[in-house]
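Colleague: I would like to learn how to read the cysteines in a model. Could you walk me through them?

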Amino acid sequence: MKCYRVEADMAAGYTGDLSRAAHRWGLPGVEPCSACSVGGGWAGIQYPCVDLSGLPAAVLKRLSDSWPVPFEEFARLRETVRPLAPTGAVLEPGTRLGPLMGTASGSFGQLHLQGWTLVGRREALERLRDAGVRGIQGCPTQVRFRGKAPLELQEPQLALHGRLHDSCLPSKREPPCSTCGAEASYSLPEKYWLDAATLPGQVDVFRLGDFPTLIIATERMAEAVHRLGLDGVTFQPLEAR
């Protein structure tokens, strides 16, 4: 399977900005663990189609505050959210939930990647699905545009799949913490490749399991984007072993 890292096309000249938009809810970060001292939260785990509006107001208030909480409180909130999340969803501290809300400005291509958030015009995502690209569930955003006709932007809900190959990671890594389950963190290597045995066969765009800020596309996705003339992102080849 040929895979690519999805990146913003900086040469396309678009000025779209989503820095004043955020997801409606999220799991809070965690305070440093008493056993391993790891705390904080993950970036890049996002489930924009999840609707938590039916939960009690007191719970929604906690899910609207990302300030770190004790692990026990995080675990309780996670189990409250789990029945409303996709089957098998990864729910780590810092997971963002619900639609993207806020204001946007500037011009947007057919696809738009800002940081680790990928959005697309509704019609662009529909064309990709019609072309057979798998794994694109478009979730309507609630983003307002100032002074112009609004665009129908949707955010694909991307599952986590795959890992980096062990040969490009530190050889000595601590096992997950027995108290909180956290794994020792490490930076993305300057050169890296994917573990082919862990890559999914059922979707064509996904977040990398151990680095969710990386959005990975298959050859089917990359070819469909080019064939349909969709702009706003580029595809950088990645080696898989």
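Colleague: Which residues does a disulfide join here?

Modeller: First, the general idea: a disulfide is a covalent bond between the sulfur atoms of two cysteines. In this predicted model, such a bond joins Cys-49 to Cys-139, with an S to S distance of 1.7 Å. The structure holds one disulfide.

Colleague: Where in the chain do Cys-49 and Cys-139 lie?

Modeller: They link distant parts of the chain, 90 residues apart. Cys-49 sits in the loop between strand S3 (46–47) and helix H1 (57–62), while Cys-139 belongs to strand S7 (residues 138–140).

Colleague: Is the disulfide left-handed or right-handed?

Modeller: Look at the torsion about the S-S bond: for Cys-49 and Cys-139 this is about -85°, so the disulfide is left-handed.

Colleague: And is Cys-139 buried or exposed?

Modeller: Here a cut-off helps: buried means under 20% relative accessible area. Cys-139 has 3% relative accessibility, so Cys-139 counts as buried. Its partner Cys-49, at 29%, is partly exposed.

Colleague: Which cysteine sulfur is nearest to that of Cys-33?

Modeller: That of Cys-36, 3.9 Å away. A disulfide needs the two sulfur atoms within 2.5 Å, and Cys-33 is in no disulfide. Cys-33 is also buried, with a relative accessible area of 10%.

Colleague: What about Cys-180: which cysteine sulfur is nearest there?

Modeller: Again that of Cys-36, this time 3.7 Å away, and Cys-180 is in no disulfide. With 19% relative accessibility, Cys-180 counts as buried.

Note on methods
Residues are numbered from 1 along each chain as its sequence is written. This is a predicted model: local features need pLDDT of at least 70, side-chain atom pairs count only at pLDDT 80 or more; totals for chains, interfaces and linings use all residues. Side-chain values use heavy atoms; hydrogens and water are left out. Helices (H or I, at least four residues) and strands (E, at least two) are DSSP runs, numbered from the N terminus. Buried means under 20% relative accessible area, exposed over 50%, partly exposed in between (1.4 Å probe, protein chains only).
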